[in-house]
Amino acid sequence: MYNPSSLKAEEFINHDEIMETLAYADINKNNLKLIDEIIEKAKQRKGLTHREASVLLACENTDKINKIYALAEQIKKDFYGNRIVLFAPLYLSNYCVNGCVYCPYHAKNKHIARKKMTQEEIKKEVIALQDMGHKRLALEAGEDPINNPIEYILESIKTIYSIKHKNGAIRRVNVNIAATTVENYRKLKEAGIGTYILFQETYHKESYEQLHPTGPKHNYAYHTEAMDRAMEGGIDDVGLGVLFGLEKYRYEFAGLLMHAEHLEAVHGVGPHTISVPRIKHADDIDPSAFDNGIDDDTFAKIVACIRISVPYTGMIISTRESQSCRERVLHLGISQISGGSKTSVGGYAEPEPEEENSSQFDVSDKRTLDEVIRWLMQIGYLPSFCTACYREGRTGDRFMALCKSKQIQNCCHPNAIMTLKEYLVDYASPETRKIGEELIKKEIGSIPKEKVQKIVTDNLTKIEQGSRDFRF
Ligand code: SF4
Ligand code: SF4
């Protein structure tokens, strides 16, 4: 029985409910009256149910699809303005006991280089990341109780936060590690993590079990219920995602929104972020072996439909995607992107020798962070290194309340300006700095409150003089 408030995976991600939803969407995909009604509802910016959203995703009428795109773009502007938050992944270890068939770190892959960074190596990587200008990391590690126990992750987080190199600092560490116990989530919370991210990979239980034939990740219920344990352990902000290409995308889309509805029903807070990775080439992995791959148009439609269905959930895209694909979906809903990423264990401080490839997937967007920042500004965005919310205690329901009322913009926008200024002063190339300084002048003028304008202007002068880390 479908029950969004249940704590059992198969009840809140209920297969029959998804199949009925897909059938309903098929019947109604050309029902223009219903589609208009759903779009009108989405315009109220309070979100859509998985059924309503699934009808929009199935819709084939070009006019209506264009309406969905226009609304996604408008909702994105309303909730997030023009700021785009930057982050970088940091892979600690690729030792893994699981058998995920789409990931080169699977335990049976004997020809990939296995690496686990020491605390000394992590220090070097973090200094290199700070020297690029990064302030926010997403920690990644395979699941391996012997090589990567929770103590290793906690120690690494401590090391990362402790490094203060020149004007650099990592101010927010998000963590993407395997599903674990309430007790371990509590420890992560105490270590001061930002968001706990765990991709479901696929919501389709049967496929899930085939794609994860061995290892603890094989347990669908334990994996799917992880976010509930994380929240029980005190983590307020959780990030969802599926790996598009493994299963039929409409199934995954409905499952993803049902998961969001479940978190809202049980914990009163939806997901903090949703990531939209697509399967990519990697060592030992050929994406064409998975026959549910999606093209760029479908991908854009998914992003737009998620945007209007959960307006207050941030959306993340990585360097798996090309520059042109990233540009397209930035307009439709993405609010956070990675830049200058390495998907190998280490690799920021010193490039990894080719024969020692330890990457999880091939990067499509290989530009430096400076190039990404310049490009974002050139296409009309305001790059942001803001990490203010969790440091100011704006997490979970407190964050959501501010986000839903759109008041968060009063923080995001000035914080973006001030953190961009830090980047320009400390790390940018002369060309990027020139474009950035012009942009900042323009953006200050668009801060609505005079008092805030004044504070930001004063802080910008202080940043020029050497002070750092101002935030609202
Ligand atoms: S996806 Fe994660 S759990 Fe699976 S093999 Fe890769 S690193 Fe291990
Ligand atoms: S103010 Fe909060 S929501 Fe806005 S960019 Fe900063 S951390 Fe993100």
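Trainee: How do the residues of the shell around ligand 1 divide into nonpolar, polar and charged?

Mentor: Sort by residue type. Ala, Val, Leu, Ile, Met, Phe, Trp, Tyr, Cys and Pro count as nonpolar; Asp, Glu, Lys and Arg as charged; the others, Gly among them, as polar. Here five are nonpolar, three polar and two charged. This is a predicted model: local features need pLDDT of at least 70, side-chain atom pairs count only at pLDDT 80 or more, and totals for chains, interfaces and linings use all residues. Residues are numbered from 1 along each chain as its sequence is written, while chains are lettered from A and ligands numbered from 1 in the order in which they are written.

Trainee: Which residues surround ligand 1?

Mentor: A residue is near a molecule if its C-beta atom, placed from the backbone, lies within 6 Å of it. Three cysteines are listed: Cys 96, Cys 100 and Cys 103. Asn 98, Tyr 105, His 106, Gly 142, Glu 143, Ala 178 and Lys 217 complete the set.

Trainee: And which residues are around ligand 2?

Mentor: Cysteines appear again: Cys 386, Cys 389, Cys 411 and Cys 412. With them stand Val 85, Ser 384, Thr 387, Ala 388, Ile 408 and Asn 415. The classes are seven nonpolar, three polar and no charged.

Trainee: Which helix gives the largest share of that shell?

Mentor: Helices (H or I, at least four residues) and strands (E, at least two) are DSSP runs, numbered from the N terminus. α18 gives the largest share, three residues. Both α16 (388-391) and α18 (409-426) supply at least two.

Trainee: Now a strand. Why is β2 largely enclosed by the rest of the structure?

Mentor: Count C-beta atoms, placed from the backbone, within 10 Å of a residue's own: 20 or more others means buried, 12 or fewer exposed, in between partly exposed. β2 spans residues 136-141, and six of its six residues are buried, so the strand is largely enclosed. Arg 136, Ala 138 and Glu 140 point one way; Leu 137, Leu 139 and Ala 141 point the other way.

Trainee: Which strands pair with β2 in the parallel sense?

Mentor: Two strands pair if DSSP finds at least two bridges between them. β1 (residues 83-93) and β2 have five bridges. Tyr 91 stands opposite Glu 140 in β2. β2 and β3 (residues 172-176) also pair over five bridges. There, Leu 139 has Val 175 as its bridge partner.

Trainee: What handedness does the β2, α7 and β3 unit have?

Mentor: Point the strands away from you. A path from the first strand over the helix to the second that runs clockwise is right-handed. β2, α7 (residues 150-162) and β3 make a right-handed β-α-β unit.

Trainee: Into which domains is the protein chain divided?

Mentor: Domain bounds come from an automatic or database domain assignment. The chain has domain 1 (9-76), domain 2 (82-366) and domain 3 (405-464). The C-alpha centres of domains 1 and 2 lie 27 Å apart.

Trainee: How many residues of domain 1 are in contact with domain 2?

Mentor: Contact means C-beta atoms, placed from the backbone, within 7 Å. 27 residues of domain 1 touch 28 of domain 2. On the domain 1 side, α5 (62-80) gives the most, eight residues. That side has 18 nonpolar, five polar and four charged residues.

Trainee: Last one. Is Lys 366 buried or exposed?

Mentor: Lys 366 is exposed, because 12 other C-beta atoms lie within 10 Å. Lys 366 sits in the loop between β8 (336-338) and α15 (369-378).

Methods: Two residues are in contact if their C-beta atoms, placed from the backbone, lie within 7 Å.
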